[in-house]
Amino acid sequence: TATTTTTTTTMSVADFLAKIGLEQYTEALLQSGFDDLETLMEAEEDHLRECGLPPGHIVKLTKRLRELPEARVSQATAAAPTSLPTILSSSQSPSTARQMVKVPHHSQQQELC
């Protein structure tokens, strides 16, 4: 028998919307360019409103998108670089840590100017 587990990499936007009871928005979302779940996960509230979703369905859709395994992995990856204490060794003083953060940030600003 086939497994019922579906990942975001194999699930289509149409399948996902049907699964969460919002299949009536499939055509509008696809026509607006949200043709894969990765793109749909980046949709902002204004985008969804323009596709005809009322506020309650926007909440439902964004909540279900955040619950997808791929979304949890992306959120964990995005949060990882901000955890500076895990990068610094215990032998560094707080002033050294501040310098390490400040210098790269400062040089990045110079490159942008």
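Start by selecting arginine 49 and glutamate 45: their side chains meet in a salt bridge, with 2.8 Å from N to O. Keep in mind as you look around that this is a predicted model.

**Stop 1: around arginine 49**

Show helix 4, residues 45-50, as a ribbon. Arginine 49 and glutamate 45 sit four residues apart in this helix, so about one helical turn separates them. Now add aspartate 46 to your selection. The side chain of aspartate 46 also meets that of arginine 49 in a salt bridge, again listed at 2.8 Å, N to O. Aspartate 46 and arginine 49 are both in helix 4, three residues apart, which is about one turn of the helix. With Glu45, Asp46 and Arg49 on screen together, you have a network of salt bridges.

Are these residues buried, partly exposed or exposed? Turn on a surface and check each one. Arginine 49 is partly exposed, with a relative accessible area of 43%. Glutamate 45 counts as partly exposed at 46%, and aspartate 46 does too, at 45%.

**Stop 2: helix 5**

Next, move along to helix 5, residues 55-67, and select arginine 64 and glutamate 67. Their side chains form a salt bridge, 3.8 Å from N to O. The two residues are three apart in the helix, about one turn. Arginine 64 is partly exposed at 31% relative accessibility, and glutamate 67 is partly exposed at 36%. The protein's salt bridges come to four by count, and the ones at these two stops are among them.

**Stop 3: a negative patch**

Which residues form a negative surface patch? Select Asp35, Asp36, Glu38, Glu42 and Glu44 to see it. For a closer look, pick aspartate 35, which lies in the loop between helix 2 (26-31) and helix 3 (37-41). Aspartate 35 has a relative accessible area of 53%; because exposed means over 50%, this residue counts as exposed.

**Stop 4: the whole protein**

Finally, zoom out and colour by secondary structure. How many helices and strands are there? You should find eight helices and zero strands, and from the N terminus on, the elements run α-α-α-α-α-α-α-α. Of the 113 residues, 21% count as buried. Switch the surface back on for the whole protein: about 8200 Å² is exposed, with carbon and sulfur atoms supplying 56% of it. If you display contacts between residues at least 6 apart in sequence, 49% of them join residues at least 24 apart.

Technical notes
Residues numbered from 1 in each chain as written. Predicted model: local features only at pLDDT ≥ 70, side-chain atom pairs only at ≥ 80, totals over all residues. Heavy atoms only, no water. Patch = residues over 30% accessible without salt bridge, like charges linked within 9 Å, V, L, I, M, F, W, Y side chains within 5 Å. Areas by Shrake-Rupley, 256 points an atom, 1.4 Å probe, with all protein chains shown as cover. Lys, Arg positive; Asp, Glu negative; His and termini not counted. Charge placed at Lys NZ, Arg CZ, Asp CG, Glu CD. Buried < 20%, exposed > 50% of the residue type's maximum accessible area, 1.4 Å probe, protein only. Contact = heavy atoms within 4.5 Å.
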